[in-house]
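Biologist: Before we start, could you put the model on the screen, so that we can go through some side-chain contacts one at a time?

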Amino acid sequence: MAHYDLKTEQLKEWAPKLRAGDTVTLTGVVYTARDAAHKRIVAAMDAGETLPFSLDGAAIYYAGPTPAKPGQVIGSVGPTTSGRMDPFAPRLLDAGLTCMIGKGVRSQAVQDAMQRNGAVYMVAIGGAGAAKAASIKKVEVIAYDDLGCESIKRLTVEDFTAIVSQDCVGGNLYAEGVEKYKR
């Protein structure tokens with residue numbers, strides 16, 4: 001296990017090198033999107049429409065931030081259960097998505113798409129949404145404003161920490177953890 005300080009524009013190059021258990025500190029642009037936004041992104045893809053952001057090399061944080069209090073950039077921004085995005089994630093990965101950040105185990109279809117595309121899945125600590133907010137320096141709603149907290153937002157992050165949970169060569173902390181504690 002290693003630690004990497006990466007700019008998000010480096011993820012496309014680095015994702016295939018990251019391994020389950022590595023820790024990463026990200027600086028750059030990360031997009032928020034949850035299941036309602038994913039459904040709309042896939043519908044836009046099916047209709048041949050322009051997407052709200054380029055998926056090529058992108059990182060999506062599965063989060064629905066709460067409104068910012070006065071003097072804050074953003075409210076609490078903890079991770080959402082990632083499995084809710086599993087029906088859509090393989091399609092986005094095949095279109096260039098490089099990094100997903102959330103919480104919880106992913107399906108085999110997502111793992112297969114990560115392996116096909118050299119992508120990575122990272123976890124952020126659930127329940128630490130207020131602490132995560134400190135690493136977010138700028139927020140801009142870029143699509144689906146009608147979804148409220150589930151709209152797509154462009155976050156400018158600095159020192160956003162996450163743990164690689166599943167990598168593109170089959171490493172999976174969830175599976176490894178279960179096996180470890182079965183012994």
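Modeller: A polar contact is a pair of N or O atoms within 3.5 Å, where, within protein, one must be able to donate a hydrogen and the other to accept it. Please keep in mind that this is a predicted model.

Biologist: With that in hand, which side chain is joined to the side chain of T25 by a polar contact?

Modeller: T25 has its place in strand β2, and apart from residues up to four places away in sequence it touches several others, including Y4, D5 and F160. The polar contact between side chains has a length of 3.2 Å, and the partner of T25 in it is H3.

Biologist: Is T25 buried or exposed?

Modeller: Buried means under 20% relative accessible area. The relative accessibility of T25 is 8%, so T25 counts as buried.

Biologist: Let us turn to the rings; how are the rings of Y31 and F53 arranged?

Modeller: A pair of aromatic rings is described by the distance of the centres and the angle of the planes. For Y31 and F53 the centres are 3.9 Å apart, and planes under 30 degrees apart count as stacked. Their planes stand at 10 degrees, so this pair is stacked.

Biologist: How many residues apart are Y31 and F53?

Modeller: Y31 belongs to strand β2, whereas F53 lies in the loop between α2 and β3. The pair therefore links distant parts of the chain, with a separation of 22 residues.

Biologist: And what kind of aromatic pair do Y61 and F160 form?

Modeller: Their ring centres are 5.1 Å from each other, and an angle over 60 degrees counts as edge-to-face. With 75 degrees between the planes, the pair of Y61 and F160 is edge-to-face.

Biologist: Which residue has its charged end over the ring of F160?

Modeller: F160 is in strand β7, and both F160 and its ring partner Y61 are buried. At 4.4 Å from the centre of the F160 ring sits the charged end of K132.

Biologist: Finally, which element gives the most residues to the largest nonpolar core?

Modeller: In soluble globular proteins, nonpolar side chains tend to be buried together. The largest nonpolar core here has 27 residues, and F53 is one of those that touch the most other members. The elements that give two or more residues to this core are α2, α3, α4 and β5. With 4 residues, the one that gives the most is α2.

Conventions. Residues numbered from 1 in each chain as written. Predicted model: local features only at pLDDT ≥ 70, side-chain atom pairs only at ≥ 80, totals over all residues. Heavy atoms only, no water. Phe/Tyr/Trp six-rings, centres within 6.5 Å; stacked < 30°, edge-to-face > 60°. Buried < 20%, exposed > 50% of the residue type's maximum accessible area, 1.4 Å probe, protein only. Lys NZ or Arg CZ within 6 Å of the ring centre and 35° of its normal. Core = buried A, V, L, I, M, F, W, Y, C linked by side-chain atoms within 4.5 Å. Contact = heavy atoms within 4.5 Å.
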